[in-house]
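Let's take a walk through this structure together. Keep the picture open while you read.

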Amino acid sequence: MTAFKNATAFFLACESLKGLDGCQAFLADGATFNAQSEGLTDISTASDYVNWMQGVGTGPLNGCHYELNAASYDEKSRTAIFFGTFFGTHTGAGGPVEPTQKSTETHYVYVLEMDKNNKVSKVTKIWNSNWAFAELGWA
């Protein structure tokens, strides 16, 4: 697969809450993760991040979904960018507080750096988590 196809497959698997089982084939060994977003600053590997997404999406935000708004790929820098909107309602157990029944509609961007084997080597998430947490009644 091309780098952009792998990046897209990774994005779709991650956002569809497939966890590491669904994302592993698209990740380079040792793929890193970073975000300057509250709640994610302790996560440093892409593997841990996709499992976090799966846990949040099948726990406190069970039934959540996303819309992909735009996607692009820069061949020179081997970087894919995905802009999405996440929709979720805190109805399930496992959040920082009891279920609030409150919802969020929050925008985010993934920047995925691809290695020479066309696999994701670095995931950067750009997300205003404070906005989402406030909407959900978590802040």
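Search this whole structure, which is a predicted model, and you'll find 0 disulfides. A disulfide is a covalent bond between the sulfur atoms of two cysteines. Take C14: this residue is in no disulfide, and the nearest cysteine sulfur, the one in C23, sits 5.2 Å away. A pair has to be within 2.5 Å to count as a disulfide, so C14 and C23 don't make one. C64 has a similar story to tell: the closest cysteine sulfur to its own is that of C14, 11 Å off, which is too far for a bond. Are these two cysteines buried or exposed? C14 is buried, since its relative accessible area is 0%. C64 counts as buried as well, at 15% relative accessibility, because the cut-off is under 20%.

C14 also turns up where two helices meet. It is one of the residues of α1 that make the contact with α3, together with F10 and E15. On the α3 side, the contact is made by Y49, V50 and M53. The residues of this contact divide into 5 nonpolar, no polar and 1 charged. How do the two helices cross? The axes of α1 and α3 (residues 46–58) come within 9 Å, with a crossing angle of roughly 40 degrees. That angle makes α1 oblique to α3.

Now for the sheet. It's an open one with 5 strands, in the order β1-β5-β4-β3-β2, and the pairing is mixed. Which strands stand at the edges? They are β1 (27–35) and β2 (65–74); each has a single partner strand, so one side of each is left without a neighbour in the sheet. From one strand to the next, the twist averages 20 degrees.

Strands of a sheet pair through backbone hydrogen bonds, either parallel or antiparallel. Let's start at the β1 edge. Here β1 pairs with β5 (residues 120–127) in the parallel sense, over 5 bridges. If you'd like a spot to look at, find A35, whose bridge partner in β5 is K125.

Over at the other edge, β2 and β3 run antiparallel and are joined by 9 bridges. Y73 is a handy marker here, as its bridge partner in β3 is A80. These two strands form a hairpin with 4 residues between them, and R78 in the turn has a positive phi of about 55 degrees. Going on from β3 to β4, you'll meet another antiparallel pair, this one joined by 11 bridges. Look for G84, which stands opposite Y108 in β4. How much of β3 is buried? This strand is mostly covered, with 8 of its 11 residues buried.

What lies across these strands? Helix α1 (residues 3–15) does, spanning β1, β2, β3 (79–89), β4 (103–114) and β5, and it runs at about 150 degrees to β4. Helix α4 (residues 129–136) packs on the sheet too, where it touches β3, β4 and β5. The direction of α4 makes about 155 degrees with that of β4.

One last stop is S129, which has its place in α4. S129 is buried, with a relative accessible area of 2%. Leaving aside residues up to four places away in sequence, S129 touches S37 and E38.

Technical notes: Residues numbered from 1 in each chain as written. Predicted model: local features only at pLDDT ≥ 70, side-chain atom pairs only at ≥ 80, totals over all residues. Heavy atoms only, no water. Pairing = 2+ DSSP bridges. Axes fitted to C-alpha atoms, helices over the stretch in contact; angles between N-to-C directions. Contact = heavy atoms within 4.5 Å. Buried < 20%, exposed > 50% of the residue type's maximum accessible area, 1.4 Å probe, protein only. Parallel < 35°, antiparallel > 145°, perpendicular 65-115°, else oblique. Nonpolar A, V, L, I, M, F, W, Y, C, P; charged D, E, K, R; others polar.
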